[in-house]
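Here's a quick walk through a two-chain model, with a look at confidence, the interface and one helix pair. Have the structure open as you read.

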Amino acid sequence: MIPVPLDMANSRERCDELPTADVLAERALLVAEDVVRRRCRGWNVAPHVRDDLCAEVVVRLLGRLRQSDGEAQLAPIHRIDSYIATVASRLVDDLARAVFPEWTRIKHRVLYLLNHDDRFRVFVDDAGRTRCEPASTMAARRRVRTRATQALADSVLELLGEAGRALEVDDVVSAIARRSGAVVTVNLSEPMELARTFDDPFAAMQSAEAVRRLWSEIEELPQRQRLALLLNARDEGGESVLRLLAATKLASAGRLAAALGIGEDEMNALWDELPLADDVIAARLGLTRQQVINLRKAARDRLARRTSRRR
Amino acid sequence: MSKPEIIDDPSKRDEAIAALARALAGELDEHPSYAMLEQVVDRTADDVTDEIVRSHLEVCPQCAEELRDLMELAGHAHTRAATAGWLAIAAAIIIAVLAGGWWMTRAGRAAAPHSIGKAVTTTLAPTPDEFSLLVESALRTGRIEKPGILRELRLPADVLRDPGATSSSSAMTPSGVVIESVTPMLLWKAAGERYVVSIFDGRRRVAHSGVLSANQWTVSPPLARGRTYGWQVEVRRSGSVDIMPAPPAAPALFHVLDEGSASLLAGARRRHRDDHLILGVLYARMGMQDAAVDELRTYAAQHPQARNVAALADSVARW
C-alpha cells in the first residue's frame with residue numbers, strides 16, 4: 001500500500017496537484033488491471049476494453065476525491081487498494097450485466113446459495129479473491145428451501161468435489177453457466193458500450209425546457225431522495241439550486257415548497273439557510289449522514305436513467 | 001428572510017439555467033450491489049436501502065429481473081414482475097375455480113340426503129386444464145385486460161416541436177410489442193442506402209448489425225429472455241446520417257418473452273395445437289397482441305356462432 005494522503009477534506013486543487021494525482025492514478029491502474037485481468041479471464045475481452053475499464057476506475061477514484069469540495073462529510077477512504085479493487089470489481093460486474101446477463105443471474109443465484117446454505121463456506125483469500133468450498137463441519141443446519149436452489153446446490157457440490165479444493169466463485173459461476181448452455185464467452189472487440197454508459201447524459205440538457213423536464217422528474221422522485229438532492233444541491237459557485245429555480249422562474253416558490261413537503265412560511269424561513277449540509281438534512285429526516293448521501297446518489301442515478309430514456 | 005430575486009437579464013438567466021442543469025444533473029451510479037439485492041430478498045434491508053433498491057428497480061428492468069429471479073430462487077415467488085403477472089392471474093383463476101368446485105362438491109355432498117331416490121351421476125367431469133380456465137374467464141368477462149407490459153413498451157412521443165420531423169417508431173417492427181423469438185427479424189421503412197441497427201438493453205448496446213443494404217435484419221446473437229429492448233436504425237445516405245426513430249418519436253421497444261412464459265406457450269401449443277381460442281387468449285395474456293388477434297379471429301371465422309370471441313378479438317385489437 002502506498003502512503004498517499006487521502007484526507008477527504010482535500011480541496012479540488014490539491015487533488016489535481018502533481019504528483020499526487022499521478023501517483024494515485026498509477027496505483028489505481030495497477031490494482032485495477034489485476035482485478036480486471038483476473039475477473040475477465042475466459043471472457044475474451046479485447047485489450048482496449050480492459051484498458052477502458054481500468055481508465056474508468058481511475059476516473060472514478062479521482063472523481064471521488066474531488067467530491068470533497070461539495071461533500072466534506074464523505075467518509076474517508078482508509079484502504080486505498082481495497083477501495084480501488086472494489087470499484088474495479090463493480091465495473092466488471094456492470095460489464096458482465098451488459099454482455100452476459102445470464103452469467104450475472106447465475107452468479108447472484110450462486111451467491112445466494114452460498115450465503116444461505118451451511119454446507120458451503122465462502123471466504124476471501126489473501127489475494128482478495130472470493131472463494132468457496134464445502135463446509136468442513138457436517139453439523140450444517142441452514143439449507144436452501146426451493147427445488148431450484150437444491151438443484152443448484154447439488155451442482156456446486158459436484159463441481160467442488162471434482163476440483164477437490166476451494167474454487168473462485170466466478171469460476172463456479174462460469175462452470176454452471178456452461179452446463180446450462182449460457183453464453184459466457186463473447187468477443188468484445190468493439191469499444192464496448194462502457195464509454196456510452198458513462199457519458200454525461202446532460203451534455204445537451206442545458207436549456208430551460210430541459211431543466212423543466214428535469215424538474216418534473218425530480219418531483220416524481222421518492223420524497224426522501226428528493227429532499228436529499230434539492231436541499232443540498234448547489235451550482236459551481238455554491239448557490240442553492242432551489243434558489244436558482246425560483247430566480248429563473250422555472251419553479252414557483254409554492255411548487256418548490258410542495259416538492260419539499262413544507263408550507264410557504266417554512267419555505268420563506270429556509271431561503272437563507274440553503275443549501276443545507278448533509279448532517280442538517282439528516283437531522284431533518286431522522287437519518288444518518290451517509291444515508292442522506294446514499295439517497296442523493298440514488299436520486300441522481302434515477303434521474304440519469306429516466307432522462308436518458310426519454311431522450 | 002430573503003426570497004431569491006428574479007433574474008431578468010436574459011443572458012444571466014441562461015447562465016443560471018445552465019448552472020442549474022449541471023447542478024441537478026443525473027449521474028449514473030453503479031447498479032445496486034448483490035449484497036443490497038440479497039438484503040431486500042431476505043427482508044433485512046434497512047428502509048433507506050430498501051427504498052434505494054426499489055427506486056432503482058423502477059428505472060432498471062435488468063435489476064428488476066435479477067431481483068425477481070432471486071426472489072423466486074428464495075421461494076418468494078409472489079413478488080414476480082408484472083411481465084409474468086398473467087401467470088398469477090391464471091393461478092388465481094385456477095384457485096377460484098377449484099375452490100368453487102370444492103365448494104360445490106361439498107354442497108353436493110351436503111345435499112345428498114335430500115336426493116334420495118334420484119339418480120346421482122357420479123361421473124367426474126374431465127379436469128379442466130389451466131388454459132381452458134383462462135378462456136372461460138375471458139369469455140365470461142368479455143374482455144382481456146391489456147397487460148401492463150404493453151404500457152411500458154408504448155411510451156408517448158415527446159411533444160412535437162418541429163412539425164417537419166416525421167421519423168416514427170411506427171415505421172419499425174417490432175415496436176411496442178411482446179415477442180416470442182430471441183432472434184426476431186427487425187423491419188423498418190426503407191429510407192436510405194445503408195443501415196446499421198443497434199439494440200439496447202437499457203443504455204447498453206447488446207447487439208448491432210454491421211452495415212446493411214436491406215431494410216431488415218435478423219437479430220444475432222440471440223437476445224436474453226425476459227428483457228425489454230430498445231432498437232434504433234442509423235440511416236446512412238450520401239452526405240447525411242439519421243437515426244430512426246428520431247425525437248420526438250417514442251423509442252421503439254419490444255419485450256422478449258421470459259423463459260417460463262415461453263415454455264408454457266410451447267406446452268400450450270403441443271396440447272392445444274388447433275385450439276385457436278386457447279392460443280389466442282394465452283397470447284393476449286402474454287401481451288402478444290397481433291398473434292392473439294390472429295388466433296381469435298381464426299377461431300371466430302371457424303365458429304360464426306361464437307360472436308363473443310369475435311368481440312374478444314376486437315377488444316384485444318383495440319389495445
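What follows covers those three topics in turn.

Keep in mind that this is a predicted model. Chain A has an average pLDDT of 79, and 79% of its residues score at least 70. Two stretches of chain A deserve some caution, and the table sets them out.

| Stretch of chain A | pLDDT | Contacts in the model beyond near neighbours in sequence |
|---|---|---|
| residues 1-19 | under 50 | 29 contacts |
| residues 190-205 | below 50 | 29 contacts |

Now for where the chains meet: 48 residues of chain B are in contact with 67 residues of chain A. On the chain B side, helix 1 (10-23), helix 2 (34-42), helix 3 (47-59), helix 4 (61-74) and strand 5 (204-212) each bring at least two residues. Helix 1 of chain B gives the largest share, with nine residues. By type, this side of chain B splits into 26 nonpolar, 15 charged and seven polar residues.

Further along chain B, helix 10 (residues 289-302) packs against helix 11 (residues 307-317) at an angle of about 160°, and their axes are 8 Å apart. Angles over 145 degrees count as roughly antiparallel, so that's how helix 10 and helix 11 of chain B run relative to each other. The crossing of these two chain B helices is left-handed. Helix 10 of chain B contributes residues including Ala292(B), Val293(B) and Leu296(B), while helix 11 of chain B offers, among others, Val309(B), Leu312(B) and Val316(B). In this helix contact, eleven residues are nonpolar, one is polar and one is charged.

Notes. Residues numbered from 1 in each chain as written. Chains lettered and ligands numbered in written order. Predicted model: local features only at pLDDT ≥ 70, side-chain atom pairs only at ≥ 80, totals over all residues. Axes fitted to C-alpha atoms, helices over the stretch in contact; angles between N-to-C directions. Helix = DSSP H or I, 4+ residues; strand = E, 2+ residues; numbered from the N terminus. Parallel < 35°, antiparallel > 145°, perpendicular 65-115°, else oblique. Left-handed = near helix turned anticlockwise from the far one by under 90°. Contact = placed C-beta atoms within 7 Å. Nonpolar A, V, L, I, M, F, W, Y, C, P; charged D, E, K, R; others polar. pLDDT = per-residue confidence, 0-100.
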